[in-house]
Structures are given as structure tokens and as C-alpha cells.
Amino acid sequence: MANPLLTPLQFRNDTTAPNRIWLAPMTNQQSHRDGSLSEEELKWLKARSEGGFGVIESCATHVSLDGQGWPGELGIYSDAMMEGWRKLAGAIHDDNAMLIAQLFHGGARAMPTDDGVAPWSCSTVEKGKVTVRRGTPEDFERAIDDFAKAARRVHDAGGDGVELHGAHAYLLCQFLSTTMNRRRDRWGGPLEHRARMIRRVMQATREAVPDEFVVGVRLSPENYGSTKGLDIDESITVASWLCEDGADFIHISLWDAKRESTKYPDAHPARLFRDALPTAVPLITAGNIWTVDDALQQLDYGADAVALGRSAIANPAWPRRVVRDAQPPTRPPLTRQQLRKRALSDEFIEYMCKWRGFVESKETEPS
Ligand SMILES: Cc1cc2nc3c(=O)[nH]c(=O)nc-3n(C[C@H](O)[C@H](O)[C@H](O)COP(=O)(O)O)c2cc1C
């Protein structure tokens, strides 16, 4: 019998991914200064579609210039970006994988633009020398429109879908958070108001693209790391509303997918989400998934697919080598030479040095 991870994944709009193994969205700072796709970025993603990942997610990709989080970030904020996306979609499709762009606005975590325009969010934030401006409804409407236009560009460039980045304390998550969103107007306060931004983005995006184009969302269900002011019951309610608004998948970012919910120590987040969401909407989980058993355990908890981050960096052909051929996964630390062989550029390797224990710190390379 086929390993369930290698069976097709169907979305409710009849689009099908060839398997249930996704490349998680991963920032790699390899794009050109203007946000256009570089050969390095193409090479790193292509090596994963060649390796058998059924869905290739791009890194967080800014939909507006004032939403860019860091240098070297991939962009989809203007038509000038589309040439790169066309090339990427063609390369990924040659391997029969799906290309899903992660659409992103950094909000309070964006960097000032080249023209010195300060970032904005739902509420003011003091960030060292930078004061994050309290956004206006005009800023919100512009960002909603930018998400929708970006999705349309991905569609027109031949991509298969988009994922709205509603996790990790970026703009959409900032609105959802009770601590980051201190507004008392129709964009803050009760959950219905805090969820207005992400719902409006979902609705506008859904309207901008045809039915068969997949539109999903990534959420942080609870507080982990920089994510504050979230509650899993609220996150599940938001996910249900987003399904009503047309979401084709819900992706929960767990960092450690083996862990139960913090609020409900007897329940796994995937089980709680799966029980509350329509069965036709696939649930994806990510976080520290290395072995086939780790991944199958997620399906047992109720996930329909898994997204691999660091294990996909270390194992570009994880679906073929680890699942089909039952080989043990390579684990960190990896040397620079090993990472280069896995289609990472020196910039990306430098970035990976910030992830504790991932890159071998000793200069000597094994033979
Ligand atoms: C280098 C790196 C870059 C990441 N960039 C993003 C990103 O752009 N968007 C996002 O939603 N998550 C991002 N993440 C989080 C991953 O998608 C994933 O959820 C997380 O790494 C946990 O999975 P893992 O243990 O398999 O790495 C990043 C993680 C890593 C390691």
C-alpha cells in the first residue's frame, strides 16, 4: 500500500497536489535588491521540486514596498516581478509540483523603505530608533488591495496558489493579537474586529482569482517565540471564518509539531483545528518534522499534509529518499560544503548560521 504521505491531496476547488509533502515557506535573503527572483532562489526551490516535494511554497514575499521585512526578500508588489515568477512556475511545473506563493506584509516588523517611510501597523510600536506609525483605514484598504493584486500576479504568472501569511507576528497576525492590536475602532477590540483585516484580505484575494486557484492561510495558533496575544480558541474561530470566506487550506505553524496545545495540554492543535474545520479544507502542520513517523503522526492528529522546513534544507529529496526509499534523514549540523551541494547559496548559508546548531561551526569540512 502506498505511504499516505505520497497520495494526492485534493483541495475543495478540485485542484490536486501530487502528494502531501510541502516545502515550508523559508526566507533565504537570496533575491535581488528590488525583490525580483534570482537564479540562486530558483535553484534552491527547483532542487526541492526535483526531490519530490508535491507543493513548493515560496518564502514570505512582500505585497507592498512598505511591507518588506528584510533585504533580499522576494517581492510580488509590482508587475515587474512577474517575469521571475513565470520562470519559477515553469520550473516547478516541469517536476509536476504545485507552486504556492506566501504573501506577506511585515507591518510593525517591516523595515523603513528606501525613501525613509516608517513602517505602520494597527497600533503604534516603539522599535529602537524607529516609531511604527498607527495605521489609518486608508493604509488598511491599500494593503488589502495589494494582497489581492499580488495574488492576481501570481495567478497570471502561472502559479497555482497563494498562502496569506497570518502567522509569526507579521501584519495580519498583529491585527489578531490582543497585545499588538490596541485599537478600539472597527479594526480592534473584540475578535470580530481584530479578524477584520485578515478576513478582508481573504475575501479580496478570493475575488481577485478564479476558483481553481488555491488560496490558503498560515496561522500561529498560540503564542510561540515573537507571537504574542493569541489564544487557540480564537485562532480556531478565525480559521473557521476564513474557511467561510473561501480559504482552500489552513496551515498551522507549530514550531514543534510533537507538542500538545499549551492551553489544552491533553490535546494536539491539529486535532482541535481538524475537529472544528470543514473536512473539505485541508489542514497543514509544520514544525520539527524530520522522520516519516514524525510526519505520519501529524496525519494521525488530523493533518492532511505536512510542511518541512529545516529537514527540507538538509534533505532536498526527502519525499523520495526518506519516504519512498526509507533512508534516514540527514540531520544538522551540516557543513557549508554540504549545504552548497544542497543548492544553498553562500548568502542563504550565512542566514542559516543564525539558526542555532544548523551550520557546522568548525571550518574543517569532512571528506
Ligand atoms: C530559514 C528559515 C526561514 C523561514 N522563513 C519563513 C517564512 O518566510 N515564512 C514563514 O511563514 N515561516 C518561515 N519559517 C518557518 C518555517 O516555515 C517552519 O514553520 C519552521 O521552520 C518550523 O519547521 P522546521 O522545524 O521543519 O524547520 C522559516 C524557517 C526557517 C528555518
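In this predicted model, three strands form an open sheet in the order 6-8-7, and their pairing is mixed. Strand 6 (120-121) and strand 7 (125-127) stand at the edges. Each has a single partner strand, so one side of each is left without a neighbour in the sheet. Strand 6 and strand 8 (residues 130-134) run parallel and are joined by two bridges. Serine 121 has arginine 134 of strand 8 as its bridge partner.

A second assembly is a closed barrel of eight strands. The order is 3-4-5-9-10-11-12-13, with parallel pairing. On average, neighbouring strands of this sheet are turned by 25° against each other, direction ignored. Within the barrel, four bridges link strand 11 (residues 249-253) and strand 12 (residues 283-286), which run parallel. The bridge partner of serine 253 in strand 12 is alanine 286.

Helices pack on this sheet. Helix 3 (residues 137-156) touches strand 5 (98-104), strand 9 (161-166) and strand 10 (214-219). The direction of helix 3 makes about 160° with that of strand 5. Helix 6 (residues 196-208) lies across strand 9 and strand 10. Helix 6 runs at about 170° to strand 9.

The ligand has 22 residues around it. Ala24, Thr27, Ala60, Gly309 and Arg310 come nearest. Two elements give two or more residues to this shell: strand 4 (55-62) and helix 10 (310-314). By character, the shell residues divide into eleven nonpolar, nine polar and two charged.

Definitions and conventions: Residues numbered from 1 in each chain as written. Predicted model: local features only at pLDDT ≥ 70, side-chain atom pairs only at ≥ 80, totals over all residues. Near = placed C-beta within 6 Å. Nonpolar A, V, L, I, M, F, W, Y, C, P; charged D, E, K, R; others polar. Pairing = 2+ DSSP bridges. Axes fitted to C-alpha atoms, helices over the stretch in contact; angles between N-to-C directions. Contact = placed C-beta atoms within 7 Å.
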